[in-house]
Amino acid sequence: MDLSTPVTYVKGVGPARAAMLEQKGILTVEDLLYYAPFRYEDRRNVKLIAELAPGEMATVMAEVRSTHLTETRRRSLGLFEAVFGDASGRTLLGKWFHSPYLKDVLARGLRVALYGKVEYDTFNGALSMMHPEFEILAEEADDSEAGLHTGRIVPIYEAAGKVTTRVFRAVIHRLLDTLPAPPDPLPASVSGPLRLMGNWTAIRGVHFPPEGEDLRALNAFRSPAHFRMIFEEFFWLECGLALKRAKARLQTGIAFELNDRVREKILAMLPFKPTGAQKRALKEIAGDMASPRPMNRLLQGDVGSGKTLVAAEAAIIAIENGCQTAVLAPTEILAAQHYVYFKNLFSKLGYVPVLLTGSAPAGEKTQIKKLIAAGLAHIVLGTHALLEADVEFHRLGLAIIDEQHRFGVVQRLKLMQKGVHPDVLVMTATPIPRTLALTIYGDLDVSIIDEMPPGRKPVVTRHVTEDRLEQVYTFLKKQLDAGRQAYIVYPLIEESETKAMKAAEKAYQHLSRAVFPGYRVGLLHGRLTPGEKEGVMRRLQSGEIQILVSTTVIEVGVDVSNATVMVVEHAETFGLAQLHQLRGRVGRGAEQSYCLLVTAGLTDAGRERIRTMVESNDGFYIAEVDLKLRGPGEFFGTRQSGIPALRMASILRDQEILELARREAVRFVDQPPSEDELRRALAFIRQHWQRRYGLAQVG
Ligand code: ADP
Ligand code: MG
């Protein structure tokens with residue numbers, strides 16, 4: 001038996017349990033060993049009930065003597081109480097609110113370990129524990145395993161189906177006793193100076209902490225054993241990324257020339273003075289473009305920070321060097337808007353922009369594709385339709401992906417393959433800490449726009465309950481009368497654009513006839529043809545439409561600086577990132593803007609999201625809350641988007657270890673201590689990379 005042995009062959013597992021473990025991604029002995037406890041409990045202080053003192057945290061081993069469930073009208077609110085007794089002859093009362101199901105779990109006669117804070121219940125005149133942690137012990141006292149589950153710091157595992165924490169504890173304990181110590185993969189030149197413990201000692205220490213280990217350190221995942229395991233996981237991930245980057249650097253791309261003519265063209269195009277942050281970003285991008293290695297850069301900047309302008313400057317560099325630029329956007333509306341935006345900016349320069357989207361008439365698409373293939377189109381704006389096989393470029397030099405969080409790694413590669421090592425610029429408004437960005441976007445360099453264009457006033461955000469909708473409308477009218485424009489957004493219902501469209505359509509009828517009869521109301525949703533969408537956007541830009549009723553299709557990118565009110569209906573159904581994006585549609589000019597979040601009923605999480613929005617305009621802060629509320633997996637999207645599936649490490653909790661591991665990995669790859677160590681590391685990464693991080697092969 002070794003690390004790669006399937007779990008079915010582990011003593012105490014068998015096919016049924018193996019199937020349940022598989023649900024948790026535990027397939028091999030190695031997976032099992034890396035399945036870390038999520039918590040530790042100090043059961044060294046096991047006491048008899050008679051020895052308990054109010055105020056202390058303690059563990060008792062006792063038997064359920066009687067139980068009682070106080071039913072309330074709402075069943076979930078029931079109070080469950082159980083009386084426990086032990087050999088000392090005294091009793092302890094356990095109390096759980098909202099847990100009626102415990103009636104079926106804690107049956108009379110069962111032996112359990114209880115852990116919690118001892119309190120003196122004046123009402124009953126008895127000792128009690130409120131919501132104690134508990135673990136059901138074997139029916140009868142089993143001496144052989146007693147030392148495993150009590151009398152020590154005990155690991156608590158998240159159950160996998162019927163594989164309880166107790167089963168995990170027993171199985172892993174036996175495994176650690178019988179398995180020969182595997183070789184330590186971490187290079188000595190790395191682990192030595194950092195004084196990291198060996199991997200086998202660390203694995204054992206994570207599951208069964210040595211005597212005297214600090215409980216708080218364990219529960220914070222910062223015991224020396226945890227540190228070592230988390231470091232190692234990040235180290236290999238970062239090594240893989242560093243190798244990928246090193247490989248990319250060896251490729252030859254286009255070295256764009258940056259001469260005075262290019263600079264003049266950029267100056268001629270600029271509609272206003274770029275911010276300092278925009279200048280810095282462009283300088284980094286221009287540096288990449290001038291170098292012969294292909295650019296792979298992420299441009300990150302909050303909603304409204306002016307990323308498009310930087311993209312336009314980069315496009316000029318490419319076009320002036322005789323190359324084409326492609327801009328990929330996630331929605332037809334954004335693609336159409338980009339088309340208008342770039343057309344305006346580039347009209348003075350004589351460039352030809354074209355728009356390519358999926359729902360354009362076939363004949364028109366064929367025409368546009370011909371222009372692209374012939375090199376007559378200088379800049380191509382479009383949606384996924386750009387990625388289709390029959391879209392051929394004459395000479396693609398720069399590929400820009402806007403709102404990259406809506407795309408995956410695959411789309412980036414597809415777009416890149418339309419040229420010969422073109423430079424790639426991806427843009428996103430999702431603000432995440434730099435080290436995280438460097439890891440999640442792996443092989444990308446990162447530029448950050450951390451400054452808003454001048455004269456922007458923070459958007460005032462208010463929470464409004466549905467019964468006060470009249471006041472919202474009155475406020476809207478005042479803004480419209482002052483010459484401003486507004487959006488009213490309806491959510492996707494049951495993930496169906498058709499239903500959302502109907503809801504928006506109905507609202508549109510009602511609003512335009514009954515509520516705003518004297519105003520010009522427009523309607524936008526995903527089912528309009530590209531021509532219709534473009535028409536709506538144009539009438540919105542020109543001010544002809546005063547209120548735009550829309551589905552979430554306007555969520556990203558839409559840019560109308562005279563719009564000052566964003567009303568979001570059923571705001572409770574939106575995620576934080578979405579709300580922040582929607583709010584980013586206003587506050588784009590000098591006038592004070594407003595975001596009104598209308599809700600009809602709120603869950604706790606919904607309330608938290610609305611509160612965060614009202615409280616803050618800071619995309620960075622909002623992303624942090626979002627990341628915490630949703631967890632990294634959901635936050636960054638699927639695996640395809642590049643987030644590695646980590647086992648013990650957490651990209652959120654362990655940022656400082658991630659930074660250390662990154663530094664060490666970069667140094668190790670750039671200056672390997674010996675050929676031999678590098679070769680061994682490479683072999684290890686090749687073997688583990690795909691399976692553990694789900695990322696493409698490296699090196
Ligand atoms: P995002 O980063 O969200 O994509 P945009 O590129 O859409 O932001 O820019 C938001 C608005 O700010 C646009 O109307 C754009 O023309 C304007 N803008 C961009 N840069 C500047 C600047 N330096 N000064 C003034 N306005 C700017
Ligand atoms: Mg944008």
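The exercises below work through the chain as a whole, one residue in a helix, one pair of helices and the cysteines.

The structure is a predicted model, in which local features need pLDDT of at least 70 and side-chain atom pairs count only at pLDDT 80 or more, while totals for chains, interfaces and linings use all residues. Residues are numbered from 1 along each chain as its sequence is written, and side-chain values use heavy atoms, with hydrogens and water left out.

**Exercise 1.** Describe the secondary structure, extent and burial of the chain.

Solution. Begin with the secondary structure, which comes to 24 helices and 22 strands; these are DSSP runs, with helices being H or I of at least four residues and strands E of at least two, numbered from the N terminus. Next, taken along the principal axes, the C-alpha atoms fill a box of roughly 90 × 70 × 45 Å. Of the 699 residues, 54% are buried, where buried means under 20% relative accessible area, exposed over 50% and partly exposed in between, with a 1.4 Å probe and protein chains only. Finally, among contacts (heavy atoms within 4.5 Å) between residues at least 6 apart in sequence, 74% join residues at least 24 apart.

**Exercise 2.** Place Val536 in its helix and find its contacts beyond four places in sequence.

Solution. Val536 lies in helix 19, which covers residues 530–541, and its relative accessibility is 8%, so Val536 counts as buried. Once neighbours within four places in sequence are set aside, Val536 is in contact with Leu523, Leu524, Leu528, Ile545 and Leu548. For Leu524, which is 12 residues from Val536 along the chain, the C-alpha separation is 7.0 Å.

**Exercise 3.** Work out how helix 5 and helix 7 are arranged, and which residues meet.

Solution. Helix 5 (residues 165–178) packs against helix 7 (residues 199–207) at an angle of about 155 degrees, with the axes 11 Å apart. The two helices are therefore roughly antiparallel, a label for angles over 145 degrees, whereas those under 35 count as roughly parallel, 65 to 115 as roughly perpendicular and the rest as oblique. From helix 5, Ile172, Leu176 and Asp177 meet Trp200, Ile203, Arg204 and His207 of helix 7.

**Exercise 4.** Establish how many disulfides the structure contains, and whether Cys323 and Cys595 are buried or exposed.

Solution. Taking a disulfide as a pair of cysteine sulfur atoms within 2.5 Å, a search of the whole structure finds zero. Cys323, at 3% relative accessibility, counts as buried, and Cys595 is also buried, with a relative accessible area of 1%.

Conventions
Chains lettered and ligands numbered in written order. Axes fitted to C-alpha atoms, helices over the stretch in contact; angles between N-to-C directions.
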